Amino acid sequence: MKTCRIFKNDTLLFCEIQVADNFVTRLVGLLRTTELADNQGLLLKKCNQVHTFGMKFPIDVIFFSKDGKILHLEHHMRPGKVSPHVKNAYWVLELQSGSCQKYHLEINQRLVVSQ
């Protein structure tokens, strides 16, 4: 699977982000993962809604536009839940629970995906 890095204001936030950009990688997602480290996550391309059915741990979920603007944040999304449908979302970043608060992520901030 491809990987990328995520920046905020030229500061590297996450360096081990896997990119799910095809049917199989999007289908499997984090299902085979038992935990995420601080700098790990999954970036879903062309996505505006996610679920956590079959997951083993809660996650933070960031929905952002194609140009990087954060549109919606889901804090501590527990297994077995469905996120809201986020209009205009292009990317969805799934991270270790607590990451949004730890990195002071807020709606309207911009994130940069670098491969």
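Q: Is Tyr90 buried or exposed?
A: In this predicted model, the cut-off for calling a residue buried is under 20% relative accessible area. Tyr90 comes in at 15% relative accessibility, so Tyr90 counts as buried.

Q: Which residue forms an edge-to-face aromatic pair with Tyr90?
A: Planes over 60 degrees apart count as edge-to-face. Here the angle is 80°, and the ring centres sit 5.1 Å from each other. The partner counts as buried too, at 11% relative accessibility. That partner is Trp91.

Q: Which residue joins Tyr90 and Trp91 in a cluster linked by ring pairs?
A: The structure has three aromatic pairs. Ring pairs tie Tyr90 and Trp91 into a cluster with one further residue. That residue is Phe64.

Q: How many residues apart in the chain are Phe14 and Tyr103, which form an aromatic pair?
A: Their rings meet edge-to-face, 5.0 Å centre to centre with 75° between the planes. Phe14 belongs to strand β2, while Tyr103 sits in the loop between α2 and β7. Both count as buried, Phe14 at 1% and Tyr103 at 17% relative accessibility. The pair links distant parts of the chain, and the separation is 89 residues.

Q: How many disulfides does the structure hold?
A: To count, two cysteine sulfur atoms have to lie within 2.5 Å. For Cys4, the nearest cysteine sulfur is that of Cys15, 10 Å away. Cys4 is buried at 2% relative accessibility, whereas Cys15 is partly exposed at 34%. Searching the whole structure gives a disulfide count of zero.

Q: Which residue forms a salt bridge with Lys2?
A: The closest N and O atoms of this pair are 2.8 Å apart. Lys2 lies in the segment before β1 and its partner in the loop between β2 and α1, so the bridge ties together parts 19 residues apart in sequence. Both ends count as partly exposed, Lys2 at 47% and the partner at 30%. The partner is Asp21.

Q: What is the N to O distance in the salt bridge between Asp38 and Lys102?
A: This pair links distant parts of the chain, with Asp38 in the loop between α1 and β3 and Lys102 in helix α2, 64 residues apart. Asp38 is partly exposed at 29%, and so is Lys102 at 47%. The N to O distance is 2.4 Å.

Q: Is Asp67, which forms a salt bridge with Arg110, exposed or buried?
A: The closest N and O atoms of the two are 3.2 Å apart. Arg110, in the loop between α2 and β7, and Asp67, in the loop between β4 and β5, are 43 residues apart. Arg110 is partly exposed at 42%. The cut-off for exposed is over 50%, and Asp67 has 51%, so Asp67 is exposed.

Q: What is the accessible area of the nonpolar surface patch formed by Phe23, Val24 and Leu27?
A: One member, Phe23, is placed in helix α1. Phe23 is exposed, at 65% relative accessible area. Together, the three residues have an accessible area of about 360 Å².

Q: Which element of the protein chain has the lowest mean pLDDT?
A: Across the chain the average pLDDT is 94, and 100% of the residues score at least 70. Among the elements, strand β5 has the highest mean, 98. The lowest mean is 87, and it belongs to α1.

Definitions and conventions:
Residues are numbered from 1 along each chain as its sequence is written. This is a predicted model: local features need pLDDT of at least 70, side-chain atom pairs count only at pLDDT 80 or more; totals for chains, interfaces and linings use all residues. Side-chain values use heavy atoms; hydrogens and water are left out. Patches are made of residues with over 30% relative accessible area and no salt bridge: like charges are joined within 9 Å, nonpolar side chains (Val, Leu, Ile, Met, Phe, Trp, Tyr) within 5 Å. Accessible areas come from the Shrake-Rupley method with a 1.4 Å probe; for residues, only the protein chains shown count as cover. A salt bridge is a side-chain nitrogen of Lys or Arg within 4 Å of a carboxyl oxygen of Asp or Glu. Helices (H or I, at least four residues) and strands (E, at least two) are DSSP runs, numbered from the N terminus. Buried means under 20% relative accessible area, exposed over 50%, partly exposed in between (1.4 Å probe, protein chains only). pLDDT is the predictor's confidence in each residue, from 0 to 100. Rings of Phe, Tyr and Trp (its six-membered ring) pair if their centres lie within 6.5 Å; planes under 30 degrees apart count as stacked, over 60 as edge-to-face and the rest as tilted.
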